[in-house]
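Visitor: I am a first-year student, and I should be grateful for a close look at one sheet of this structure and at what surrounds it. Please take me through that part step by step.

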Amino acid sequence: MRRPGEKFIRNLPLQRKLMLIIMSCCTATLFVSSLFYVTREAKVLYRDQQEYLVSLADMIAKNSASALVFNDLKSVQDTIRPLTAKSNILAIYILNQEGRLFARYHAAEAEHAALPLEYLPDWASADDVARAVQQVTGEAYTSSFLSGYATVVQPIRLEREQVGTVVIQANAKGFLHSLRWTILVALGFMAVTFLVFCLFSARLQLMISAPLLGLLAAMKEISAGKNFALRVAKPCDDEIGMLYDGFNDMLHEIEERDQILRQRQAHLQQLAHYDPLTRLPNRTLFYDRLGQALFHAERSHEAVAVIFIDLDHFKDINDTLGHRTGDLLLIEVAGRLGTVVRSCDTVARLGGDEFTIFCQNVATPENAALVAQKLVTLFATPFRLGASEIRVTASVGVTLYPHDGKSVDELLMNADIAMYHAKGCGKNVYSLFDKKMNEHASERVTLLADLRQAIEHGEFVLHYQPKVDLLTGKVTSVEALVRWMHPRLGMLAPDKFIRLAEEGGMIAELTEWVMRTACLQARAWQEANLAPVRVAVNLSPFHFQRQDVKQSVCAVLGATGLDPTLLEIEITESALMQNDEYTCRVLSELRDMGIIISVDDFGTGYSSLSYLHRFPINTLKIDRTFILNMMKSSEDQAIVTAIIAMAKSLKMQIVAEGVESVDQLETLKDQGCHEIQGFLVSRPVNAERVARFFTDEDHLQLHTAAAETLEGGVARQLVRGAE
Ligand SMILES: Nc1nc2c(ncn2[C@@H]2O[C@@H]3COP(=O)(O)O[C@H]4[C@@H](O)[C@H](n5cnc6c(=O)[nH]c(N)nc65)O[C@@H]4COP(=O)(O)O[C@H]3[C@H]2O)c(=O)[nH]1
């Protein structure tokens with residue numbers, strides 16, 4: 001337990017503590033040395049006094065011994081009289097051999113009550129005198145000195161025989177006087193030395209405490225200003241100097257860590273608020289800024305336009321040209337978007353190929369539309385990425401505060417809906433938000449829920465479209481195309497729900513159902529003794545993102561017992577490019593099993609024709625848009641010619657999709673296309689109706705003849721009537 005004084009001392013400032021220590025030590029030393037000095041001086045004085053009295057007593061004893069023997073009082077008195085003139089001698093007593101008072105002499109000054117022999121009468125008995133002398137002798141000199149006098153008792157001897165006793169009593173005035181002076185000198189010395197010590201200790205404590213206090217001041221300054229770049233100048237080379245070195249080292253360390261911390265904080269700040277790729281504000285910062293802009297707009301009654309931009313077919317670019325190119329494109333796009341808006345507006349990247357912009361103080365919806373149009377036009381110029389040039393378009397959705405919505409979430413949702421609307425309108429356009437779009441959006445949500453149920457309840461049917469060999473006119477295979485028998489909306493085409501199934505994560509289940517049904521159907525045709533017909537099934541690119549494509553195909557083949565050579569798998573160009581190595585491996589394995597691999601919608605993607613040979617592809621299906629336009633566009637005609645030539649050189653089968661007219665058929669035939677698929681032969685029809693095509697009839701001859709003999713429109717109706 002600490003004592004209160006200890007606590008008080010501990011809490012004293014350093015300077016005071018040092019002063020206290022130095023002064024305590026000095027005072028104690030002074031006190032002890034002065035005490036020693038005074039004691040020693042007192043002893044010397046005392047001894048001098050004593051020796052003086054003893055020498056007087058000896059002298060009296062020597063001079064009065066004979067007179068005492070002869071009882072010569074007068075001689076004795078003569079001997080002692082001169083001594084009594086000395087100021088310090090109070091009384092002298094001579095006792096004879098019997099111990100009785102023989103002679104006495106008192107100093108002239110006033111009686112000294114303390115003298116023990118003073119009141120002894122002259123006739124006092126020897127015993128009384130002896131007792132009085134005994135009492136005097138018994139008193140220590142010291143005490144008698146301190147009590148104001150001193151007494152010396154000396155025997156008077158004559159030839160070794162004691163003939164009397166001399167008692168001298170003296171006052172201690174001289175001794176005390178000298179002692180006082182000695183004490184005064186000691187005190188004076190102490191005072192002067194103390195003063196000198198004070199000055200010295202003040203200086204000394206300053207020498208010790210100043211560097212420490214300097215360090216303390218520097219520490220306070222650093223902790224107040226957080227300026228870790230500050231350094232303290234070392235005042236000396238002792239332990240305190242080492243403390244300064246340590247302090248500086250520590251500051252250096254802290255400064256370095258502080259710098260790293262600041263850099264990391266800045267980096268984290270950047271990561272938290274900015275998109276690392278494009279350096280545009282990210283979703284968090286955009287939400288924050290838009291929130292503030294809306295707050296400001298509400299107070300100043302201004303309108304704010306929120307714009308959602310989504311690149312069209314960006315995924316295909318990523319899949320076919322690689323993610324590096326995709327990233328470079330996004331950076332370029334971000335740069336271009338920044339050129340359209342004012343400095344007070346914000347361009348952000350929400351993720352993927354989605355960008356958002358808000359423009360403050362938009363006077364009218366027309367102004368917002370103007371900005372949106374500018375944004376769409378931005379994409380008219382191709383993007384130059386290194387050596388290659390990429391054309392990409394964007395769909396833009398615009399919504400207005402406060403007209404369309406008041407909150408950040410609402411506005412972004414509206415802009416998103418408007419953007420989807422623009423995509424639905426054929427992409428590369430902008431669309432202003434309309435409340436009706438919301439209805440579409442909610443319809444989409446309802447349809448998604450319906451789709452989930454449809455998969456559970458099996459509300460799908462397959463239609464089949466034949467592919468016909470251009471040389472023999474016979475059906476080579478049929479493509480299975482799914483339809484949804486919606487309980488409320490009737491039969492829905494795949495474009496109404498395939499994307500939904502992909503986005504809703506249901507495509508794998510749906511594809512498996514399609515594959516199983518198509519394989520079962522092919523088996524059924526076989527069992528009905530029809531010529532073996534191959535069925536082609538579409539595999540979604542999303543399906544390829546799962547790592548079990550082969551497994552699910554094998555499972556279906558195993559379950560249905562269909563010969564793998566009677567199964568064809570159609571995948572789009574983008575699926576082919578998506579995961580190069582994996583896709584290539586899976587397709588090779590499937591082809592090794594005898595399954596035919598076709599590339600669907602060929603020509604719409606970004607695949608480099610030169611590396612097609614690396615994939616295990618049997619067939620290329622030229623996209624129907626080229627077939628549709630080839631009779632009017634020489635460019636499309638050239639593309640079709642090039643695809644056919646290239647496929648031939650790679651020893652691939654060529655199928656032209658969407659053949660509707662005899663002209664198209666003839667042209668394709670002339671160019672050496674192998675097969676056609678299209679309304680000219682048949683629309684997709686149910687299993688029962690498609691089976692009619694599995695005879696040996698030359699379907700091309702049939703349709704061509706019908707088309708040639710009748711007027712174009714009627715001919716087509718007839719041709720389609722075959723469905
Ligand atoms: N204008 C015109 N169109 C023609 C002609 N001949 C055929 N078509 C249409 O072209 C589509 C051919 O299928 P696709 O290119 O694989 O394109 C398919 C395919 O990509 C996808 N799809 C269909 N069924 C499935 C499926 O089971 N799974 C997956 N993943 N996708 C499917 O939906 C797309 C559209 O299918 P459908 O609406 O059945 O549309 C079919 C067919 O009706 C023609 O002469 N003129």
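Guide: The account that follows begins with the sheet, moves to the helices packed on it, and then turns to some further places in the chain.

The model is a predicted one. In the sheet under discussion, 5 strands are arranged in the order E6-E7-E5-E10-E11. The sheet is open, and its pairing is mixed. At its edges stand strand E6, residues 346-351, and strand E11, residues 430-432, each of which pairs on one side only. Averaged over the sheet, and with direction ignored, neighbouring strands are turned by 20° against each other.

Let us start at the edge formed by E6. Its pairing with strand E7, residues 354-359, is antiparallel and runs over 5 bridges. Two of the facing positions may be located by name: Val347 has Ile357 in E7 as its bridge partner, and Ala348 stands opposite Thr356 in E7. E6 and E7 form a hairpin with 2 residues between the strands, and in this hairpin Gly352 takes a positive phi near 55°. Although E6 is an edge strand, 5 of its 6 residues are buried, so E6 is largely enclosed by the rest of the structure.

Two helices that pack on the sheet may be considered next. Helix H8, residues 283-300, touches strand E5 (304-311), E6, E7 and strand E10 (394-401). The direction of H8 makes about 140° with that of E6. Helix H11, residues 365-378, also packs on the sheet, where it touches E5, E7, E10 and E11. The direction of H11 makes about 160° with that of E10.

A word on nonpolar cores belongs here. In soluble globular proteins, nonpolar side chains tend to be buried together. The largest nonpolar core of this model has 73 residues, and Ala480, Val535 and Ile676 have the most contacts inside it. Helix H15 gives the most to this core, with 8 residues. Apart from it lies another core, of 46 residues, which includes Ile357, Phe358, Val362 and Leu432. Ile357 is the residue already met as the bridge partner of Val347.

Beyond strand E10, the backbone deserves attention. Most residues other than glycine have a negative phi, and most peptide bonds are trans. Tyr401 and Pro402, however, are joined by a cis peptide bond, with omega about 0°. Pro402 has its place in the loop between E10 and helix H12, residues 408-424.

Two residues elsewhere may be set beside this one for their backbone angles. Lys226, which is not a glycine, has a positive phi near 50°. Lys226 lies in the loop between helix H6 and helix H7 (239-273), and it counts as exposed because 9 C-beta neighbours lie inside 10 Å. Asp601 likewise is not a glycine and has a positive phi of about 50°. Asp601 is found in strand E17, and with 18 C-beta neighbours inside 10 Å it counts as partly exposed.

Finally, strand E17 leads to the ligand. E17 (596-602), strand E13 (475-486) and helix H15 (507-527) each supply at least two residues of the shell around the ligand. Among the 23 residues around the ligand, Leu481, Pro494, Asn538, Gly678 and Phe679 come nearest. By type, the residues of this shell divide into 9 nonpolar, 7 polar and 7 charged.

Key
Residues numbered from 1 in each chain as written. Predicted model: local features only at pLDDT ≥ 70, side-chain atom pairs only at ≥ 80, totals over all residues. Near = placed C-beta within 6 Å. Helix = DSSP H or I, 4+ residues; strand = E, 2+ residues; numbered from the N terminus. Nonpolar A, V, L, I, M, F, W, Y, C, P; charged D, E, K, R; others polar. Core = buried A, V, L, I, M, F, W, Y, C linked by C-beta atoms within 7 Å. Buried ≥ 20, exposed ≤ 12 C-beta atoms within 10 Å, placed from the backbone. Pairing = 2+ DSSP bridges. Axes fitted to C-alpha atoms, helices over the stretch in contact; angles between N-to-C directions. Contact = placed C-beta atoms within 7 Å.
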